[in-house]
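Student: I have a chain open here and would like to go through it with you. Can we take it piece by piece?
Tutor: Fine, put it up and ask away.

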Amino acid sequence: MAPSQALLLNRGPVCRRCLVVSAIAIVPIQRRSISSKYLRKLAEAERQWQKRAELIKEGKLPNFWDLLEERGYVKDTAGSRDTIRELMRRKRIGAYAGVDPSASSLHVGHLLPLMAIFWMYMHGYRAVTLIGGSTVKIGDPTDRLKTREAMRSADVAINITKIHYQMKKLWTNVEAQAKRFGYTKEWAWRRAIVNNNTWWNSTPMLDVLKRVGRSIRIGPMLSRDTVKRKMTEGDGVSFAEFTYPIMQGWDWWVLFKQQGVQMQIGGSDQYGNIITGIDIVKTARDNEPDPVQVLPARDEFDDPVGFTVPLLTDSSGAKFGKTAGNAVWLDPFMTSPFDLYGYFVRRPDADVEKLLKLFTFIPMHEIQVIMEEQNKDPSKRVAHHRLAFEVLSLVHGEEVARKTQKEHEMMYSKGGAAIPLPTGTWESQYAEPEHQTNPNNAPRIDMILPKSLIMGKSIGRILYAAGLADSPTKGHKLALQQGVYVAGHPGARKGHGEPLKPGELTWTSIKLWFPQETQRYLIDDKILILRKGKHNVRIIEMVSDEEYEKSGQRYPGQPYTGYLRALRQQLKWLKLGKISPERVKEVLQKAAAKEDEAAGPEAIKFPKKKSQEQIDLEAQLEELLASLPSQAEGASQESQAAGASQESQAEKASQESEAAKASEKSQAERASE
């Protein structure tokens, strides 16, 4: 008999909490089984890889490491180049590159290490992109003289959400690029987006220090140039900043153990952290307390390795990815596709060949052809336009790239008239696409809504205001059917969950709850994150009603602003004879125009079909107006007659007044004489 069962049988009265804990203990642990079919696929994939390794050894196929070096991705290596080259021939290793969500968007500087990861994926290696939901709370001190300011939980949640969906968008486009350039996807291709908060929220720091802390020496950290500069020229290095390389190294160990990630790829400033990470992975592997989970350490081909990508600067020495001191973002609402295209078209001629190798998947022989055409007539900037098109295809999708290229040609073609580019209205940024939503056409994520709506209205009305439902009724249906999600942890009862833990991104189905229960999912009492489908996300910042009023925005369903409300009111007054047909038409025209324009360029409006109620009311209004013309004309004639009578009486009164004044003047003259 299980101990927990004995507890229930042998004890007397048991409190509810103990009963629940005991009942949970009785439930057997469910383990996921691995089918023989899956094992056969693994074995076949390994046979194919070994066959490929032999062909590389015989010189019949190129080594992938040679491709990375030929295109210029490799700066410094952690481990000898020959060892890494042979390792990548022998084994289908995994590799990862990490990004701390210190801003709300990736920028073009992040693309370089990610491009190496994308290339590895397209050649059959496991590729992992890591979002540092935990490490961002510490902040990487590398190449900084001033300590990073602590980030609020709301900012961390916003940045993680936006960067997560940017990563998904990039991976979607990588799949399309691989197909476009002739790479056939195989079953063994593996990719993942992970957040290190997944393990840091459940891993005590004491366990980490006990496992690897004794082997970490402070001396090598202090000897790094970046640390020396921060200690002598900056504001010093805090204890938390010293733990950053340990946390990053532990991330690598978790990926090494769980997913076979043997390689780390980092920016040019990450070499020291990669070296520290290698030491931590080796130490954690050698100190494995469970004999069953000990990983092999037979030779150098079982050890972790890494390399850094070069720091890019243009021919003038300016850091790549900056324009006028500002970052060039991958978020289309922070840097428009047109501006991103223009940034790459403006690159110096001396840099364009290098950038084609680094930021595109164009084969080397085709790059040579492009450069030959470029050199024939540099003024046409053939290579620059191809570079810009390929980058936009990766970042925003091929459809956006073609559209932007056409806009650029029309704007700057010789002899052509400059056309006004469609900048997009505020409401169009949130409009749901006509066809299925995908990462490249997903609406804008971030928005603001007033406190009176978030805290005082139902979840159905919030979904309608956020553009995730066509009406409050449909919003309630979505919630009832659990077709939308809120970022947070579910509770025992509906609406009694918890907000996101800082650094995580987890979803729970929305259920109908009372308006006051929405606050349970607010991050830092002001951020609410919602999702419908895979890609339609809203990060809603709750602001005061006064602040929202000053912003000039309006949301669907905002009180006293809708056309339907005006239609009901005007129809009622028209039936009671309180208003003329002309006035009804005037009021409704203004209401419709106001709704269409949404009170200015900063308002939110979502395209929607007419409801049945609106169709019925408009039909009633047309029928009523058709029956009123004669009455309206009679009223108009009576009004004109009354007006003429009033004018005649006024004229007569004026004449009498003048006669009286003349009489008074005459009497005054006589009295004076």
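Student: How many of the residues of strand β13 are buried?
Tutor: Six of its six residues, so to speak the full run 527-532, are buried. Bear in mind that this is a predicted model.

Student: Which residues of β13 lie on one side and which on the other?
Tutor: Ile527, Ile529 and Arg531 are on one side, and Leu528, Leu530 and Lys532 are on the other. Both faces are covered, with the charged names in that list buried along with the rest. In a regular strand the side chains alternate between the two faces of the sheet.

Student: Which strand is joined to β13, and by how many bridges?
Tutor: Strand β14, residues 536-543, is joined to β13 by six bridges, and the two run antiparallel. Lys532 has Asn536 of β14 as its bridge partner.

Student: What happens at the turn of that hairpin?
Tutor: Three residues sit between the strands, and Gly533 takes a positive phi near 75° there.

Student: And ahead of β13, which loop holds Asp524?
Tutor: Asp524 is in the loop between β12 (507-509) and β13. Its phi is positive, near 55°, and it is not a glycine. Asp525 is found in that loop between β12 and β13 too, and has a positive phi of about 60°. For context, most residues other than glycine have a negative phi.

Student: Is Asp525 buried or exposed?
Tutor: Asp525 counts as exposed, at 61% relative accessibility. Asp524 is partly exposed, with a relative accessible area of 38%.

Student: Switching to the sheet with β1 in it. What is the strand order?
Tutor: The order is β1-β6-β5-β2-β3-β4, in an open sheet of six strands with mixed pairing.

Student: Why do β1 and β4 each have a side without a neighbour in the sheet?
Tutor: β1 (77-78) and β4 (191-195) stand at the edges and each has a single partner strand, so one side of each has no neighbour in the sheet. For β1, two bridges join it to β6 (residues 305-308), and that pair runs antiparallel. Thr77 stands opposite Phe307 in β6.

Student: Which helix packs on that sheet?
Tutor: Helix α12, residues 239-259, packs on it and touches β2 (94-99), β3 (126-131), β4, β5 (261-266) and β6. The direction of α12 makes about 140° with that of β5.

Student: Pick a residue in α12. What does Gln248 contact?
Tutor: Leaving aside neighbours within four places in sequence, Gln248 is in contact with Tyr96, Gln264, Gln270 and Asn273. Gln248 lies in helix α12 and is buried, with a relative accessible area of 8%.

Student: Back to the edge strand β4. Is Ile193 buried or partly exposed?
Tutor: Ile193, which is found in β4, is partly exposed, with a relative accessible area of 25%. Beyond neighbours within four places in sequence, Ile193 is in contact with Thr129, Ile131, His164, Met167, Lys168 and Trp171. The C-alpha atoms of Ile193 and Gly98 are separated by 9.8 Å, with their positions 95 residues apart along the chain.

Student: Which residues form the nonpolar patch on the surface?
Tutor: Ile34, Tyr38, Leu39, Leu42 and Trp187 form it, with about 460 Å² of accessible area together. Ile34 is in the loop between α2 (16-26) and α3 (36-57), and is exposed at a relative accessible area of 56%.

Student: Now a covered helix. Why is α14 called largely enclosed?
Tutor: Eight of the nine residues of α14 (residues 337-345) are buried, so the helix is largely enclosed by the rest of the structure. The buried ones are Pro337, Phe338, Leu340, Tyr341, Gly342, Tyr343, Phe344 and Val345.

Student: Last, the whole chain. How many helices and strands are there?
Tutor: There are 26 helices and 14 strands. Of the 673 residues in the chain, 43% are buried. The accessible surface comes to about 36,300 Å², and 51% of that belongs to carbon and sulfur atoms.

Student: What share of the contacts with a separation of 6 or more comes from residues 24 or more positions apart?
Tutor: Such residues account for 74% of those contacts.

Note on methods:
Residues numbered from 1 in each chain as written. Predicted model: local features only at pLDDT ≥ 70, side-chain atom pairs only at ≥ 80, totals over all residues. Heavy atoms only, no water. Pairing = 2+ DSSP bridges. Helix = DSSP H or I, 4+ residues; strand = E, 2+ residues; numbered from the N terminus. Contact = heavy atoms within 4.5 Å. Axes fitted to C-alpha atoms, helices over the stretch in contact; angles between N-to-C directions. Patch = residues over 30% accessible without salt bridge, like charges linked within 9 Å, V, L, I, M, F, W, Y side chains within 5 Å. Areas by Shrake-Rupley, 256 points an atom, 1.4 Å probe, with all protein chains shown as cover. Salt bridge = Lys/Arg side-chain N within 4 Å of Asp/Glu carboxyl O. Buried < 20%, exposed > 50% of the residue type's maximum accessible area, 1.4 Å probe, protein only.
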